[in-house]
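Biologist: I am new to this structure. Could you take me through how the chain is put together?

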Amino acid sequence: MRTANTSVPMGQHNPSTHTTTLIAEPTQFVMPNRSIWSFGAARAAAQLNRNDIQGMHSLEMCRDMVRKIEQAQQVQDRMYHTSHLAFDFSNGVARMIPIVADKHGGRQAQEPLFFDKNGWSQLAQHVLPRSGGNFVMETSLLRPTGRTKEETVTMRAGFNKMGAAVMMAHCQCADKTLQFRTVLKRIGTNPSDGSPITARFVRAVVTQSYACYSNAEMLDVLLDELGNYSVYRLNLADSGIHFRLLDLRETDGVLETKVQYPSINGYNSETGQRRTGVNAGTVRLVCTNGMGDYNTTSQYNWIHRGDPSRIARGMQDALAGIRTSQSALIHEYNRALLTHIDDGYAWMQGILNGMSGVTQKQVADVRIAMDDESSSAPNTLAGVIDGMTLLAQNPDFDLWDSIDFEEKAVKVMRTGLKKAENNKLFA
């Protein structure tokens, strides 16, 4: 890993502080978004007691773990006017240095802030023309060919400065005060003692009116309202959190495979990418399949504006409506089990090809998933739905793509049930 220091040369004694400081830096222009912590329950037999289910955790344990992660990230939210931002893209790494005056009117030293993919994209949307973020990044990372080593180094340094100059010019003219949500992220390991090397990243750039509502706060409210439910599946990423809650008390601690059980699904983004939401859902003890009910009668979400406590109050009110919708979703899935298709693969291809946002690769992958041993018979509507929800758990899907594809599965199920005559569909 390349190390550097933006205030003193690497390893040089700083007489003003009588310390020697090393600052590690990332090696990419922006850091990709990460999956921080995820798990999903798995089966080991046809019928399981709760203690035999692998990979399930209590809601209280998950709340505590998420809170511990947030504490380690040392979340800081800062307000900066765009005219008070300087940029340095040397060595192909994006750095933002806030210009802050001290109480004597001089410039207060600030450590550089780095960017993850979402933070850079959001800042670009606020201050640059459309697709400007990609243009600035690609300009900064231009690699000349057919040059000597010395010429290449000089030209690349010039491209770095050109990109930074473009960014600063647009920030000077944007005339906006923005909220920068920053966290510490691990970028390496100290070889001497194995301790983590961290740097502070801008993970989100939002307006001043954005109301911060943390993932730990959301889990805490649900724990108070529901009790210590079991968490069947959870995915915590840089972009947010998504989870499924299951009440094993209602099943006497026993779950059977290929049976739909009611769940409560929740999601939240601390980075301005999604609202806070809860909805009715179902899960089957097969890998981590599951569906959410995205009807307006059972989907409740709140934008991050105003007093964050209203989100907590809203979730308390929503849970009653969600419990009512759970039984309806299970009833629909049971009808899908009895709905036969003359050619399930062809019917699936026809309906998915007509849906916005579905790629040909996803259509092909759903066909493969329909043949998985965990899926219902492929010539049933439930088989199509199982293939879609199984594919949604694929690691190639990011957090929000997974939720969106599950929502499409519910739409496909309801479309099929509406079109079926005498429990039959035809391709």
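The questions below go from the whole chain to its cores, its rings and one of its strands.

Modeller: This is a predicted model, in which local features need pLDDT of at least 70 and side-chain atom pairs count only at pLDDT 80 or more, while totals for chains, interfaces and linings use all residues. Residues are numbered from 1 along each chain as its sequence is written, and side-chain values use heavy atoms, with hydrogens and water left out.

Biologist: How many helices and strands are in the chain?
Modeller: Helices (H or I, at least four residues) and strands (E, at least two) are DSSP runs, numbered from the N terminus. On that basis the chain has 24 strands and 10 helices.

Biologist: What percentage of the residues count as buried?
Modeller: A residue is buried at under 20% relative accessible area, exposed at over 50% and partly exposed in between, with a 1.4 Å probe and protein chains only. The chain has 427 residues, and the buried part comes to 51%.

Biologist: Which element gives the largest share of the largest nonpolar core?
Modeller: A nonpolar core is a set of buried Ala, Val, Leu, Ile, Met, Phe, Trp, Tyr and Cys residues joined through side-chain atoms within 4.5 Å. The largest one has 31 residues, and Trp 37, Leu 222 and Met 315 are among those with the most contacts inside it. Elements giving two or more residues to this core include strand 5 (35–40), strand 16 (230–237) and helix 6 (309–337). The largest share, 7 residues, comes from helix 5.

Biologist: How many residues are in the second, separate core?
Modeller: Among its members are Met 388, Phe 397, Phe 405 and Ala 420. This second core has 29 residues.

Biologist: How many residues apart in sequence are the parts that Phe 29 and Phe 89 tie together?
Modeller: Rings of Phe, Tyr and Trp (its six-membered ring) pair if their centres lie within 6.5 Å; planes under 30 degrees apart count as stacked, over 60 as edge-to-face and the rest as tilted. Phe 29 and Phe 89 are an edge-to-face pair, with 5.1 Å centre to centre and 70° between the planes. Phe 29 is in the loop between strand 4 (23–24) and strand 5, and Phe 89 is in the loop between strand 9 (85–88) and strand 10 (95–98), so the parts they tie together are apart in sequence by 60 residues.

Biologist: Why is the pair of Phe 87 and Phe 89 edge-to-face?
Modeller: Phe 87 is buried, at 6% relative accessible area, and Phe 89 is buried at 1%. The ring centres of Phe 87 and Phe 89 are 6.2 Å apart and the planes are at 65°, so the pair counts as edge-to-face.

Biologist: Which residues form one aromatic cluster with Phe 29, Phe 87 and Phe 89?
Modeller: By the same ring rule, the count comes to 9 aromatic pairs. The cluster that holds Phe 29, Phe 87 and Phe 89 also has Phe 115 and Trp 120.

Biologist: Why is strand 14 largely enclosed by the rest of the structure?
Modeller: Two strands pair if DSSP finds at least two bridges between them. Strand 14 pairs in the antiparallel sense with strand 8 (residues 76–81) over 6 bridges, and with strand 15 (residues 196–206) over 10 bridges. Strand 14 (residues 177–189) is largely enclosed because, of its 13 residues, the number buried is 10.

Biologist: Which residue in the hairpin of strand 14 and strand 15 takes a positive phi?
Modeller: The hairpin has 6 residues between the strands. The positive phi, near 75°, belongs to Gly 194.
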